[in-house]
Amino acid sequence: MRDDDTQRQLFDLAAGMVTDMQDRRIADYVFATSDSPPADDEIAGLNTSRVIEISFDKFSDGRGFTYARRIRDSGFSGMLIASGHVIADQAEYLRRCGFSHAEIPMAKIADWQSALSAMPAYFQHMAKSPRSRMVTSAMQHKYDNN
């Protein structure tokens, strides 16, 4: 029997819930942050039933966030999983960069749920975001009055 630190769960970053790893689909592409990501045209050709997994070599390696954003910007709308060395403090940023799920230790589920609810609003303005600290019309009004 494996202990709780090695048992992994697939954490849905949008819903803040876990999925048993047995229900996880096999990723079509798996690459580490130290690898080059698939080409944009290759990613754009994938359909929504595909799965891409980006494995973080260490939690301080930001390339995985960039890869996720590039993959989403190229038109991919399938499941995008962060695995490897990801920590609960990165949960919201993983989601904002385009990850749909993260592979996490079972013992850390509460930490990840707490991390997603810790920030009620973003500090940066984001267009079309219900959690943005300012809405576009409020910003426009502020500058129109000057």
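This section describes strand β4, its pairing with β3 and β5, and helix α2 with its buried arginine, in a predicted model.

Strand β4, which spans residues 51-56, has 5 of its 6 residues buried and is therefore largely enclosed by the rest of the structure. Strand β3 (residues 29-32) pairs with β4 in the parallel sense over 4 bridges, and within this pairing F31 has I54 of β4 as its bridge partner. Strand β5 (residues 79-84) likewise pairs with β4 in the parallel sense, here over 6 bridges, with G84 of β5 as the bridge partner of F56. The chain passes from β4 through α2 to β5, and the β-α-β crossover formed in this way is right-handed.

Helix α2 comprises residues 63-73, of which G64, F65, Y67, A68, I71 and R72 are buried. Because these residues cover an arc of only 160° around the axis, they lie on the same side of α2. The helix is followed by G75, whose phi is positive, near 110°.

Among the buried residues of α2, R72 carries a charged side chain for which no salt bridge is found, the nearest side chain of opposite charge being that of D73, 8.4 Å away; a salt bridge would require a side-chain nitrogen of the arginine within 4 Å of a carboxyl oxygen. The side chain of R72 instead reaches backbone oxygens, that of F76 at 3.1 Å and that of G78 at 2.9 Å. R72 thus combines burial and the absence of a salt bridge with side-chain contacts to the backbone oxygens of F76 and G78.

Methods:
Residues are numbered from 1 along each chain as its sequence is written. This is a predicted model: local features need pLDDT of at least 70, side-chain atom pairs count only at pLDDT 80 or more; totals for chains, interfaces and linings use all residues. Side-chain values use heavy atoms; hydrogens and water are left out. Buried means under 20% relative accessible area, exposed over 50%, partly exposed in between (1.4 Å probe, protein chains only). Helices (H or I, at least four residues) and strands (E, at least two) are DSSP runs, numbered from the N terminus. The arc is that of the directions from the helix axis to the C-beta atoms. Two strands pair if DSSP finds at least two bridges between them. A crossover is right-handed if, with the strands pointing away from the viewer, the path from the first strand over the helix to the second runs clockwise. Lys and Arg count as positive and Asp and Glu as negative; His and the chain ends are not counted. A polar contact is a pair of N or O atoms within 3.5 Å; within protein, one must be able to donate a hydrogen and the other to accept it, and residues adjacent in sequence count only if both atoms are side-chain atoms.
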